[in-house]
Amino acid sequence: MNEKRNRVRQADSLAERLAADALRLREEASHLEPGPERDALLSKAHRNKMAADINSCLTAPGRRVPG
């Protein structure tokens, strides 16, 4: 069967969405006591920041493809 994929056009870029989510997670973590839940939020915020950095490196103008 040919089912149509549900496609959504994002209003913000990937980097903007990752940065906003990281900021939201850090804000949420700041209201928690130290513990595993807070650590998990901070870890996810860090992963989002790293993903945004990698994305900006890969999409930078003048980037040379290795090989």
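How much accessible surface does the chain have, and what percentage of it belongs to carbon and sulfur atoms? The accessible surface comes to about 6100 Å², and 54% of that belongs to carbon and sulfur atoms. Please keep in mind as you read that this is a predicted model. Its secondary structure consists of two helices and zero strands. The chain is more spread out than a compact globule, because its radius of gyration of 17 Å is well over the 11 Å that the globule rule gives for 67 residues.

**Overall dimensions and burial**

- Taken along the principal axes, the box filled by the C-alpha atoms of the chain is roughly 45 × 40 × 25 Å.
- Of the 67 residues in the chain, 13% are buried.
- Helix α1 covers residues 14-30, and helix α2 covers residues 36-58.

**Charges**

- The chain carries 13 positive and 10 negative charges, and the mean positions of these two sets are 12 Å apart.
- Searching the whole structure gives three salt bridges, and each of them is described below.

**The salt-bridge network in helix α1**

- D21, R24 and E28 are joined in a network of salt bridges.
- On one side of this network, R24 pairs with D21, with 2.6 Å between the closest N and O atoms.
- R24 and D21 are three residues apart in helix α1, so about one helical turn separates them.
- R24 also pairs with E28 in a salt bridge, and here the closest N and O atoms are 3.1 Å apart.
- R24 and E28 are four residues apart in helix α1, which means that about one helical turn lies between them.
- How accessible are the two partners R24 and E28? R24 is partly exposed at a relative accessible area of 43%, and E28 is likewise partly exposed at 37%.

**The salt bridge in helix α2**

- In helix α2, the partners are D53 and K49, four residues apart and separated by about one helical turn.
- The closest N and O atoms of the D53 and K49 salt bridge are 3.0 Å apart.
- D53 has a relative accessible area of 31% and is partly exposed.
- K49 counts as partly exposed too, with a relative accessibility of 42%.

**Contacts between the helices, seen from L25 and N48**

- L25 is a residue of helix α1, and N48 is a residue of helix α2.
- Is L25 buried or exposed? L25 counts as buried, because its relative accessibility of 3% is under the 20% cut-off.
- Leaving out residues up to four places away in sequence, L25 touches L41, K44, A45 and N48.
- N48 is buried as well, with a relative accessible area of 10%.
- Which residues does N48 contact, leaving aside neighbours within four places in sequence? They are L18, D21, A22 and L25.
- D21 therefore turns up in two settings: D21 is a salt-bridge partner of R24, and D21 is also in contact with N48, where contact means heavy atoms within 4.5 Å.

**Distances along and across the chain**

- A52 belongs to helix α2 and is buried, with a relative accessible area of 14%.
- The C-alpha atoms of A52 and R17 are separated by 8.9 Å, although these residues are 35 residues apart along the chain.
- L25 and D12 are 13 residues apart along the chain, and their C-alpha atoms are separated by 18 Å.
- S13 sits in the segment before α1 and is partly exposed, with a relative accessible area of 36%.
- How far is the C-alpha atom of S13 from that of L41, 28 residues apart along the chain? The two C-alpha atoms are separated by 22 Å.

Conventions:
Residues are numbered from 1 along each chain as its sequence is written. This is a predicted model: local features need pLDDT of at least 70, side-chain atom pairs count only at pLDDT 80 or more; totals for chains, interfaces and linings use all residues. Side-chain values use heavy atoms; hydrogens and water are left out. The radius of gyration is taken over C-alpha atoms; the globule rule is 2.2 Å times the number of residues to the power 0.38. Buried means under 20% relative accessible area, exposed over 50%, partly exposed in between (1.4 Å probe, protein chains only). Accessible areas come from the Shrake-Rupley method with a 1.4 Å probe; for residues, only the protein chains shown count as cover. Lys and Arg count as positive and Asp and Glu as negative; His and the chain ends are not counted. The place of a charge is taken as NZ of Lys, CZ of Arg, CG of Asp or CD of Glu. A salt bridge is a side-chain nitrogen of Lys or Arg within 4 Å of a carboxyl oxygen of Asp or Glu.
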